[in-house]
Amino acid sequence: MQVSHFLSGHQLSCTTHGQKMILHRFSPPSSTVRFRPPSDRSITVAVAAPPQLLKHQKTHSMPSEKIEIFKSLDNWATQNVLPLLKPVDQCWQPQNFLPDPSLTFSDFTDQVRALRDRTDGLPDEYFVVLVGDMITEDALPTYQTMINTLDGVRDETGASLSPWATWTRAWTAEENRHGDLLRSYLYLSGRVDMLMIEKTVQYLIGSGMVSYHSNCICKIFLFRMQL
């Protein structure tokens, strides 16, 4: 284990509008989970290679009659699916669970310090799980892109009023909160190597994803419901 290089135990002083401010640096936690890159650095690439396409993968495998079935369900989806979405004002937000930056500097840092005190004794394995979850959530652009490849339910314009497109965008927006909360929590804890995590996320989104369900709407929707 190695302590993050950007954390130290000293103070910084600065002057603003004639007043002296003392900025406290937090002492580093006892350990920081680091995800190290492979030891072989002989090859450097700008982007991750995309996954190999399946030999018999079809990009448009939905028969026209099945597409028509989904099209005929638009009114049903509007009346029965869209009402399941919570209004934004009734949804929890990441800030509900994090230190409040609108507080005074002293009160805010007290909340951050309390968060670090709570996380300092947690086993590293907990953070490995949280990092894996956060990286999965941060790949939402890939999931939304995958859904928008589906015949019959794709978002044709990026702001389509189709109930399926509306559901996809709203689902993505709701899921995005999870990654935001985990990212902020892990960052404030000081227990993980955020730089390595951020590189991993960039590689993941850049490489895309191959669906083993081909272009089957039902299978993709079932997969999405499990996320």
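Arg183 is partly exposed, with a relative accessible area of 25%. In this predicted model, Arg183 belongs to a network of salt bridges with shared partners, whose members are Asp138, Arg183 and Glu198. The structure holds six salt bridges, and this briefing covers several of them before turning to helix H7, which spans residues 194–207.

**The link between H6 and H7**

- Glu198 and Arg183 form a salt bridge through their side chains, with an N to O distance of 3.6 Å.
- Because Glu198 lies in helix H7 and Arg183 in helix H6, this pair ties together parts that are 15 residues apart in sequence.
- Glu198 is partly exposed, and its relative accessible area is 37%.

**Salt bridges around Asp151 and Asp155**

- Arg169 pairs with Asp155 in a salt bridge whose closest N and O atoms are 2.7 Å apart.
- This pair links distant parts of the chain, 14 residues apart: Arg169 is in helix H6 (residues 163–189), while Asp155 is in the loop between helix H5 (140–147) and H6.
- The two partners fall into separate exposure classes: Arg169 is partly exposed, at a relative accessible area of 26%, whereas Asp155 is buried, at 11%.
- A further salt bridge connects Asp151 with Arg154, and here the closest N and O atoms are 2.9 Å apart.
- Both Asp151 and Arg154 are buried.

**Length and faces of helix H7**

- The 14 residues of H7 should span 20 Å at 1.5 Å a residue, and the end C-alpha atoms of H7 are indeed 20 Å apart, which agrees.
- Met194, Met196, Ile197, Val201 and Ser207 are the buried residues of H7.
- Viewed down the axis of H7, these buried residues fall within an arc of 160°, so they line one face of the helix.
- Helix H4 (124–138) and H6 are the elements against which the buried residues of H7 pack.
- Leu195, Gln202 and Gly206 are exposed on the other side of H7.

**The two ends of helix H7**

- At the N-terminal end, Asp193 caps H7, with a side-chain oxygen 3.3 Å from the backbone nitrogen of Leu195.
- Gly208 follows H7 and has a positive phi, near 75°.

Definitions and conventions:
Residues are numbered from 1 along each chain as its sequence is written. This is a predicted model: local features need pLDDT of at least 70, side-chain atom pairs count only at pLDDT 80 or more; totals for chains, interfaces and linings use all residues. Side-chain values use heavy atoms; hydrogens and water are left out. A salt bridge is a side-chain nitrogen of Lys or Arg within 4 Å of a carboxyl oxygen of Asp or Glu. Buried means under 20% relative accessible area, exposed over 50%, partly exposed in between (1.4 Å probe, protein chains only). Helices (H or I, at least four residues) and strands (E, at least two) are DSSP runs, numbered from the N terminus. The expected span of a helix is 1.5 Å times one less than its number of residues. The arc is that of the directions from the helix axis to the C-beta atoms. Contact means heavy atoms within 4.5 Å. A polar contact is a pair of N or O atoms within 3.5 Å; within protein, one must be able to donate a hydrogen and the other to accept it, and residues adjacent in sequence count only if both atoms are side-chain atoms.
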